[in-house]
Amino acid sequence: MSKKANGIISALLLLALFGLVLMLERTLPPTHIALTVLKKGCIYALVAVSMNLLNGFTGLFSLGQAGFMLIGAYTYGILTIPVADRASVYQYFDGGIVQFSVPVIVGLIAAGITAAFFAWLIGLPVLRLKSDYLAIATLGFAEIIRAFFQWDKLGRLTNGSNLLRKFPTFNSIAFPFLVTVVCIGIMVLIINSSYGRAFRAIRDDEIAAEAMGINLAKHKRMAFCISSFFAGVGGALLAMYQTSIQAATFRSSMTYEILLIVVIGGIGSVTGSCIAAFLFIASSEWWLRFLDTEMYIGSFKVPLLRTGFRKVVFSVIVMAVVLFARRGIMGDREFSVAGIYNFFKKKFGRKEAAK
Amino acid sequence: MKKLAAAAVCAVTALACVFPVSAAETVKIGVYEPASGDNGAGGKQETLGIQYANSVCPTVEIGGTEYNVELAIVDNESSNEKGPTAASQLVSEGVSVVLGSYGSGVSIAASDIFEQAGVPAIGVTCTNPQVTEGNTHYFRICFLDPFQGTVLANFAAENFDADKAYVLTKLGDDYSVGLGYYFQDAFENELGGEVVAETFPEGNADFTSYLTTAVNEGADVIFAPTSTEAAQLIIDAAAAQGINIPILAGDTWDSNVILNAAKGKDLDIYVTTFYQEGGNEEFDANIKEWINSDSTNLANNGGDDTVAAVTAMGYDAYFVALEALKAAGSTDPAAVTEAIWDVTYTGVTGDIKFDSVDGDAARDAAYVKTANTETGAWDFVGVQQQK
Amino acid sequence: MSGNILRAENITMQFGGVMAVDNLSLEVNEGEIVALIGPNGAGKTTAFNCITGVYEPTNGCVYFCDELMLESYPHGKMKRIYQGSNAAKYTKRVTLSPDKITKLGIARTFQNIRLFSSMTVFENVLIAKHMRAKQNLLTAAFRLNYAEENRMRREAMELLEMQNMAHLKNEIAGSLPYGIQRRLEIARALATDPKLLLLDEPAAGMNPQETQELTDFIRQIRDDYHLTIFMIEHHMDLVMQISDRIYVLDFGKLITHGTPEAVQNDQRVIDAYLGVSEDA
Amino acid sequence: MVLQPFFCKGRFKREVPMDFISKNLPYLLAGISVGGQYALIAIGYTMVYGILRLINFAHGDIFMVAALVMVYASASFPLYVTIPLVLVSTVLIGFIVERVAYKPLRDAPRMSIMISAIGVSYLLQNLALYITGGLAQIYPSIPLISNSVSIGPATTKVVTIVTPVLTVLLVILLMWLINHTKIGMAMRAVADDFETSRLMGIKINSVISMTFIIGSFLAAVGSLLYFTNYASVVPTSGAMPGLKAFVAAVFGGIGSIPGAMIGAFIIGICENIIKGLGWTTFSDAFTFALLIVILVVKPTGLFGERATDKV
């Protein structure tokens with residue numbers, strides 16, 4: 001199967017998926033939980049892929065994702081709240097200092113750029129650190145950022161620890177879907193480019209990569225900034241989904257959730273991260289919700305079921321994946337049309353041979 | 001592995017489809033409350049009030065038909081991020097009206113979901129003005145933070161001759177920060193006092209240093225509008241340091257958690273609240289019996305049968321919702337939304353009537369109580385009217 | 001002009017109180033094959049690491065093509081505990097990271113093979129082309145650099161063909177047999193277009209026949225690519241056969257250097273290796 | 001006061017020193033006390049990291065579980081049964097976590113083990129959420145150490161004084177254990193060179209188990225002290241002290257037990273000084289800023305040993 005055909009069929013599949021989602025949106029009631037899950041799944045897919053780009057493809061174990069999402073969300077919020085609504089949003093801070101607003105797309109891009117800028121800044125000192133030290137330093141950075149954005153001295157910009165709201169949001173699932181597809185598309189292009197190869201070389205062996213003339217500092221910083229850019233865009237989307245922004249939402253447990261998505265999907269697999277994001281969100285927020293309510297089968301009360309059981313079951317599943325299916329759903333392979341084609345061809349071919 | 005996962009997914013989907021079977025003559029009321037997270041304790045007490053009301057009055061006559069009222073309860077995890085999904089869960093179960101939430105942030109976060117679905121929501125104890133401001137689907141039956149903050153500031157000035165107050169709020173908690181802001185505003189601008197304001201971050205357990213600062217600054221009162229989790233720690237730290245400055249707080253502190261924490265300690269604690277236990281003896285006696293009848297209820301109420309104000313508010317909110325359903329004559333959320341504006345109801349917490357701007361209840365009185373550290377009960381101090 | 005491609009002067013590397021390399025000076029002339037030998041732990045790999053920028057030497061300087069590439073002197077805490085000589089001779093600190101040194105034209109292989117084990121053979125070679133490609137992130141991501149990309153791919157492929165590895169191009173590097181991994185590592189180093197190639201024990205773990213093949217291979221690449229080769233090796237057969245000159249290191253110190261014959265008969269070398277004749 | 005002459009020099013008035021002390025002593029006491037509690041958690045981190053090179057993210061949650069065990073056990077048993085029960089069950093949980101979640105991944109990449117640790121942390125928190133029903137649990141008061149005591153102008157709980165003393169005693173005991181017993185020697189050997197120790201016939205698994213047992217034991221003691229001071233337990237109670245204790249371990253030089261202790265005291269005191277200065281918004285953030293600074297300036301911490309990568 002040629003590369004070109006593979007690309008065309010993949011694109012068609014994606015288009016079909018998009019059509020399906022739009023159809024779903026038409027047929028289901030507009031606030032059906034499935035749509036909510038799909039919206040949130042899209043956003044988490046984007047953020048998970050951005051984390052995978054760093055952790056899976058560049059081998060930099062960073063736990064700062066929530067911090068960059070926070071920066072993205074705030075940038076978007078601060079820039080896009082309509083001027084007329086600022087007085088009521090910034091009610092404790094005399095309407096804030098930003099007295100203009102920009103279109104949604106500009107806001108999204110600005111969200112990414114600001115996050116990337118902060119990544120560049122923090123990258124200067126911390127990217128020299130090795131594996132788990134880097135992890136803990138980035139985790140710490142996310143905590144610092146969270147405190148910083150809640151600081152009431154900056155309240156005229158960030159509204160202190162109060163909610164930012166009334167910024168433009170999306171109704172249709174088409175918007176997060178498109179943004180996610182475009183962003184993941186760009187990341188895939190980067191991963192498959194010469195730079196992506198350099199990232200993977202760094203992951204495989206830093207010293208050898210350096211001996212191949214790859215500037216470690218530059219490429220690590222680049223990966224860090226790219227990842228943060230898309231995390232920032234993801235944060236802005238999450239803000240739109242939540243319709244309000246509060247720094248307290250972006251705590252380290254959010255980073256852990258994203259990390260678990262990456263692990264479940266397979267470290268180093270973009271499609272794995274996407275599939276895992278939807279499975280993760282759907283099962284944690286929808287499919288397993290019945291575990292939280294008491295249930296009777298006839299007069300028999302099903303034991304254990306009460307608030308919180310869903311999360312226990314869910315974390316046991318996650319733990320099982322981490323321990324027993326260490327490579328996750330996709331390992332480091334990708335789901336591709338060509339892959340399936342070859343898989344069936346092999347199977348079919350073998351049967352042919354057996355005859 | 002993949003097959004296994006697929007099988008599990010199928011099974012779970014099947015279960016999810018099978019279970020929410022709805023009977024024909026049922027109207028659903030959504031309960032959007034936290035059962036975990038920071039506000040878990042308060043949320044559970046509020047839910048108890050709603051559940052009790054449901055047990056008292058499980059049916060309603062709408063447009064001549066008798067409907068069973070079914071409560072759809074979800075946990076919004078006190079989290080603005082998880083809240084919207086919980087809200088859509090309610091909406092997709094087809095509720096006619098939503099009650100909740102305890103905590104303003106989650107209410108704001110879910111507001112748009114309800115708006116899109118055209119489902120009205122009645123805030124029970126979310127006191128931040130932003131919940132109802134500028135929308136027509138979110139109502140509330142409690143007073144607002146500007147009112148509560150002013151009441152407390154006046155109370156401090158009148159009863160303790162306070163001219164310096166220490167305000168301790170939780171970073172990132174809009175309830176806490178909001179109420180602190182209004183207190184400070186009233187205390188400084190209207191009463192000419194001085195305020196020292198500090199914030200503590202999420203997960204903070206050590207309040208020693210904060211209270212030391214309060215003492216060092218020579219504060220006459222400490223105002224700490226926080227969740228009950230932090231309240232326990234503040235009380236404990238204050239007692240350990242032997243602090244004898246009066247501690248004031250808002251409605252969240254009106255909880256048996258506070259009473260238990262303060263019992264046997266030498267502290268002055270004052271709270272404003274929506275309801276005073278003993279205000280309606282019949283209601284008190286019945287709900288206590290109901291709480292004691294079930295160990296889960298008892299646990300959800302924090303282990304004893306003290307009636308929290310939020311429980312009484314939850315109880316009233318349920319009946320307000322029933323009134324609205326009756327007035328609408330239909331279970332259609334749009335009709336219910338229209339009907340709520342004109343609902344008047346006299347509940348255990350007083351008269352409830354909505355204004356025509358934001359759908360806030362017109363409340364002009366707050367109860368002030370003090371914790372009796374010997375008996376472990378609330379003593380009534382007085383009613384503070386709006387000036 | 002001295003005609004040498006690499007000149008190291010007074011290289012000293014001290015880790016804490018341990019002298020790994022002590023006042024090592026050496027020269028490698030253009031087109032030569034020079035070997036660095038010595039018993040285990042003599043500091044050979046450390047010397048390589050100093051030259052390729054992995055470590056900053058404690059003292060000394062390195063010239064490449066007669067231009068100053070690295071220079072350092074004992075500073076900071078090392079100033080107090082420095083035990084070597086020539087401490088006052090150098091006053092500048094010129095440091096280059098390994099990637100810059102590779103870009104100047106020094107390529108190396110590693111004692112314990114360091115391939116990009118999850119990548120294919122072709123990608124391993126292609127990586128080496130990255131540093132000289134005219135592109136930036138945007139052009140690369142959106143394939144505006146297709147001309148460069150195609151050139152890189154073509155050159156990498158040509159190299160694989162010359163090394164008779166074209167048929168392996170889609171194999172995962174980590175799954176190859178040991179001997180081929182060694183050759184791939186050398187091929188990958190060649191792909192950086194070096195002037196000087198540093199080989200760190202290229203024959204480690206090879207049997208006599210493989211070693212012989214390697215000997216021919218090294219000669220051939222020197223001629224094909226007009227290379228200068230500087231290598232660390234334990235296989236004395238190989239060293240004596242192809243080296244133009246040999247440097248002998250023991251306990252970090254240079255004990256002698258010269259032609260293979262001279263070194264072979266030097267009593268100090270025999271003493272150094274006494275009883276520990278390794279796998280020579 | 002002994003300090004008085006020192007403060008009285010120069011142009012300070014006589015009242016100033018007393019006032020200064022009475023104002024600042026509570027911050028210092030709080031800092032020393034919380035520092036001691038961090039220290040007890042930090043030792044668990046530093047020992048596990050020293051041997052497995054693993055940031056045991058679940059350690060803070062084990063600390064929280066110890067507190068929950070105390071809450072539930074004290075409801076039905078007297079104190080002299082409860083406290084040993086808490087110590088034993090915490091040690092058991094630490095042991096089981098290692099066996100179930102880390103041992104199978106012994107040869108896996110380090111990232112996998114760390115992710116497994118995050119998974120365990122997630123599981124323990126959710127389990128605690130389920131069991132407590134999301135309600136904060138009030139920690140039982142332990143007689144003697146729960147009482148208030150006055151030190152000069154400050155009033156505090158007895159536990160504040162007990163903590164640093166007990167911490168230092170435990171650290172001394174632990175140092176003796178590590179330097180003078182067979183298992184201690186084995187621990188040092190494994191920390192020094194994992195592979196070689198394995199080849200030398202040291203029973204790696206029992207050494208690692210022992211590390212987790214000691215770490216969990218100290219976390220249990222730490223939890224007794226910590227929650228006596230801050231008597232409310234929620235599922236996330238362990239997360240922040242856990243992270244800070246880890247920072248303390250890094251600060252003191254990971255792998256060094258006295259380092260972890262000193263780091264913990266420094267962090268505890270600094271944190272309270274920051275609060276005293278009114279920078280309360282940044283009291284947590286400060287700890288992490290300190291971490292980043294120390295990692296960048298001196299990655300090996302105060303007492304850590306330098307390790308050069310082999311090429």
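Visitor: What span should the 20 residues of helix 11 of chain D have at 1.5 Å a residue?

Guide: The expected span of a helix is 1.5 Å times one less than its number of residues. For helix 11 (residues 257-276) of chain D that gives 28 Å, and the end C-alpha atoms are 29 Å apart, which agrees. Helices here (H or I, at least four residues) are DSSP runs, as are strands (E, at least two), numbered from the N terminus. Bear in mind that this is a predicted model, where local features need pLDDT of at least 70 and side-chain atom pairs count only at pLDDT 80 or more, while totals for chains, interfaces and linings use all residues. Residues are numbered from 1 along each chain as its sequence is written, and chains are lettered from A and ligands numbered from 1 in the order in which they are written.

Visitor: How many residues of helix 11 of chain D are buried?

Guide: A residue is buried if 20 or more other C-beta atoms, placed from the backbone, lie within 10 Å of its own, exposed if 12 or fewer, and partly exposed in between. In helix 11 of chain D, 15 of the 20 residues are buried, so the helix is largely enclosed by the rest of the structure. Just after this helix, Gly278(D) takes a positive phi of about 90°.

Visitor: How many residues does the contact take from chain D and from chain A?

Guide: Two residues are in contact if their C-beta atoms, placed from the backbone, lie within 7 Å. Chain D gives 33 residues and chain A gives 34 residues. On the chain D side, helix 5 (110-132) and helix 12 (283-297) are the elements giving two or more residues, and helix 5 of chain D has the largest share, 14 residues. By class, that side of chain D has 24 nonpolar, 7 polar and 2 charged residues. Ala, Val, Leu, Ile, Met, Phe, Trp, Tyr, Cys and Pro count as nonpolar, Asp, Glu, Lys and Arg as charged, and the others, Gly among them, as polar.

Visitor: Into which domains is chain C divided?

Guide: Domain bounds come from an automatic or database domain assignment. Chain C has domain 1 (1-105 + 194-280) and domain 2 (116-193), with C-alpha centres 28 Å apart. Between them, 11 residues of domain 1 of chain C touch 9 residues of domain 2 of chain C.

Visitor: Where in chain C is the pLDDT below 50?

Guide: pLDDT is the predictor's confidence in each residue, from 0 to 100. Chain C averages 89, and 97% of the residues score at least 70, but over residues 276-280 of chain C the pLDDT is below 50. Where pLDDT is low, the predicted coordinates should not be read in detail.
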